[in-house]
Amino acid sequence: MKKFVIIAFVAVTGLFSVNAMAQSKVAHINAQALVGSMPEAKKAETDLQTYAQSLEAEGKTMVDEYTKKVKEFDDKAASMTENMKEIKGREIQDAQKRIQDYRERAEQQVQQKQQELLKPIYDKARKAIEDVAKEKGYGYVIDSSAGLLLVSPSADDLLPAVKTKLGIK
């Protein structure tokens, strides 16, 4: 008898969980397309390019200085003493190291700036997606921008509704 009650309880619980799953609606959205269509994202991209170009200009100055030292070394190497060659060689190596360090720092700074500029945009997009999903009664929203969503009904695509909510055409 006890075994029968346990089996009945498990069966009833299973039915309720299947019923709850069936009631959850699922939608999809291409989040990259949404963010890419936001005016804020376009401005952030422009700002990021400007920032990267300013860092690149500073790096170019360092490369020009390095090139000048190498050329000067090549031109005067024949008339230099071994001690001078060694000193100039170290200067060239130091300049090369500074360029490499600068490039690494600049890349990190660009990535940090990108995160700084895009975070509020992603947050705004996420909030709009959550609001639209709630308004339309969707329990789950899948991001289809990764290309993993193989089949999906167009009625469950939230991109047009979210763009409307954000005022994007």
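This text walks through a predicted model of one chain, from its overall layout to its pockets, its salt bridges and one patch on its surface.

The chain is built from 5 helices and 2 strands, and, read from the N terminus, these elements follow one another in the order α-β-α-α-α-β-α. Of the 169 residues in the chain, buried residues account for 21%. One of the buried positions is V132, which belongs to helix α4 and has a relative accessibility of 2%; because buried means under 20% relative accessible area, V132 falls into that class. V132 can also be used to relate two stretches of the chain, since V132 and K163 stand 31 residues apart in sequence while their C-alpha atoms are 10.0 Å apart in space.

With this layout in mind, the reader can turn to the pockets. The largest pocket holds about 510 Å³ of space, and its lining is made up of 27 residues, with A31, V35, Y122, A125 and I129 lying nearest the centre of the pocket. Several elements take part in this lining: α2 (31-37), α3 (39-76), α4 (82-136) and β2 (138-143) each give two or more residues to the lining of the largest pocket. Helix α4 provides the largest share, with 11 residues. In chemical terms, the lining of the largest pocket divides into 16 nonpolar, 4 polar and 7 charged residues.

The second largest pocket contains about 170 Å³ of space. Its lining consists of A52, L55, E56, G59, K60, V63, I99, Y102, R103, A106, E107 and V110, and helices α3 and α4 each supply at least two of these residues. Sorted by class, the lining of the second largest pocket comprises 7 nonpolar residues, 1 polar residue and 4 charged residues.

The charged side chains deserve a closer look. Side chains of opposite charge can pair when their charged atoms come close. When a salt bridge is taken to be a side-chain nitrogen of Lys or Arg within 4 Å of a carboxyl oxygen of Asp or Glu, the count for this model comes to 16 salt bridges.

One of these lies in helix α3, where the side chains of K71 and D75 meet in a salt bridge with an N to O distance of 3.2 Å. K71 and D75 are 4 residues apart in helix α3, about one turn of the helix. Both partners are open to the surroundings by the area criterion: K71 is exposed, because its relative accessible area of 52% is over 50%, and D75, at 54% relative accessibility, counts as exposed on the same cut-off of over 50%.

Helix α4 offers further pairs. The side chains of E86 and R90 form a salt bridge in which the N to O distance is 2.3 Å, and these two residues, both in helix α4, are again placed 4 residues apart, about one turn of the helix. E86 has 46% relative accessibility and counts as partly exposed, while R90, with 43%, is likewise partly exposed.

Elsewhere in α4, D101 forms a salt bridge with K97, and the closest N and O atoms of this pair are 3.0 Å apart. Because D101 and K97 are 4 residues apart in helix α4, about one helical turn separates them. D101 counts as partly exposed at 26% relative accessibility, and K97 is partly exposed as well, with a relative accessible area of 46%. Salt bridges can also be linked to one another through shared partners, and in this way E65, K69 and R98 are joined into one network.

The last feature is a nonpolar one on the surface. V26, Y140 and I142 make a nonpolar surface patch of about 260 Å². V26 is placed in strand β1, which covers residues 25-29, and V26 has a relative accessible area of 38%, so V26 is classed as partly exposed. That value also explains why V26 can belong to a patch, because patches are made of residues with over 30% relative accessible area and no salt bridge.

Key: Residues numbered from 1 in each chain as written. Predicted model: local features only at pLDDT ≥ 70, side-chain atom pairs only at ≥ 80, totals over all residues. Heavy atoms only, no water. Patch = residues over 30% accessible without salt bridge, like charges linked within 9 Å, V, L, I, M, F, W, Y side chains within 5 Å. Areas by Shrake-Rupley, 256 points an atom, 1.4 Å probe, with all protein chains shown as cover. Buried < 20%, exposed > 50% of the residue type's maximum accessible area, 1.4 Å probe, protein only. 1 Å grid on protein atoms, 1.4 Å probe; cavity = no way out; pocket = protein on both sides within 12 Å on 5 of 7 lines; lining within 4 Å. Points joined across faces, edges and corners; volume = space filled by probe spheres on them. Nonpolar A, V, L, I, M, F, W, Y, C, P; charged D, E, K, R; others polar.
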